[in-house]
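Visitor: I would love a tour of this model. Could you show it to me and take my questions one at a time?

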Amino acid sequence: MTDTPQHPLDGILDILREAVEGGRPGQGTAFLDGTNADGTGNHGLLATLDALSAAQASRDIHGATVAGQARHTAFHMEVVVRWEGGERGPFDWQGSFQPAQVTPLEWDALRARVRAAYEGLVAFVNTQRDQPVTGDATGGLSGAAAHVAYHLGAIRQLVKALA
């Protein structure tokens with residue numbers, strides 16, 4: 001029996017998945033605290049956002065809000081797909097943090113947008129498996145994983161200040 005080599009995009013997708021979805025219950029992780037076997041203790045982006053109310057997500061802490069960070073993170077994942085599809089902007093990076101405050105309905109929609117942006121990015125990457133591996137594909141995905149991880153860290157720091 002021969003081992004099939006891992007596709008170059010799979011390892012990067014694993015890091016992105018951990019940043020967004022958190023650790024798999026009871027399994028080891030690459031960089032986040034592990035999720036407990038019963039599913040508690042998930043420190044991924046989606047679980048972190050789902051644990052907050054709209055009021056908490058809208059609270060300004062040193063000029064930033066969780067809602068603004070979440071909106072920007074979704075925007076970045078959407079732009080990666082658009083960029084790989086040939087759209088070169090301009091993109092409103094500064095405006096992507098706005099609005100920083102959300103109502104409960106807007107918070108639900110924003111969390112759904114983060115999930116959809118992530119799922120869209122993963123779906124796009126999966127369409128690239130039969131294409132020649134390029135620095136654009138691996139670089140774009142690596143940048144997305146690093147960017148999500150960075151903003152997850154920023155969001156988790158803001159959450160600490162909410163306590």
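Visitor: Where does H62 lie?
Guide: Good place to start! This is a predicted model, in which local features need pLDDT of at least 70, side-chain atom pairs count only at pLDDT 80 or more, and totals for chains, interfaces and linings use all residues. Residues are numbered from 1 along each chain as its sequence is written, while side-chain values use heavy atoms and leave out hydrogens and water. With helices (H or I, at least four residues) and strands (E, at least two) taken as DSSP runs numbered from the N terminus, H62 lies in the loop between helix 3 (54–58) and helix 4.

Visitor: Is the phi of H62 positive or negative, and about how many degrees is it?
Guide: Most residues other than glycine have a negative phi. H62 is not a glycine, yet its phi is positive, at about 55°.

Visitor: Which peptide bond is cis with omega about 10°, and which with omega near -10°?
Guide: Most peptide bonds are trans. Two prolines to look at, P90 and P99, lie in the loop between helix 4 and helix 5. The cis bond with omega about 10° joins G89 and P90; the cis bond with omega near -10° runs from Q98 to P99.

Visitor: Are helix 1 and helix 6 roughly parallel or roughly antiparallel?
Guide: Axes are lines fitted to C-alpha atoms, for helices over the stretch in contact, and angles run from 0 to 180 degrees between N-to-C directions. Helix 1 (residues 8–21) packs on helix 6 at about 20°, with the axes 9 Å apart. Angles under 35 degrees count as roughly parallel, over 145 as roughly antiparallel, 65 to 115 as roughly perpendicular and the rest as oblique. Helix 1 and helix 6 are therefore roughly parallel.

Visitor: How many charged residues does the contact of helix 1 with helix 6 have?
Guide: Contact means heavy atoms within 4.5 Å, and residues including L9, I12 and L16 in helix 1 meet residues including A137, L141 and V148 in helix 6. Ala, Val, Leu, Ile, Met, Phe, Trp, Tyr, Cys and Pro count as nonpolar, Asp, Glu, Lys and Arg as charged, and the others, Gly among them, as polar. By class, this contact has 14 nonpolar residues and two polar ones, and the number of charged residues is zero: there are no charged residues.

Visitor: And how many charged residues are in the contact of helix 4 with helix 5?
Guide: The axes of helix 4 and helix 5 come within 9 Å and cross at roughly 30°, so the two helices are roughly parallel. Their contact includes R71, E78 and E84 of helix 4 and R113 of helix 5. Besides 15 nonpolar residues and one polar residue, the number of charged residues is four.
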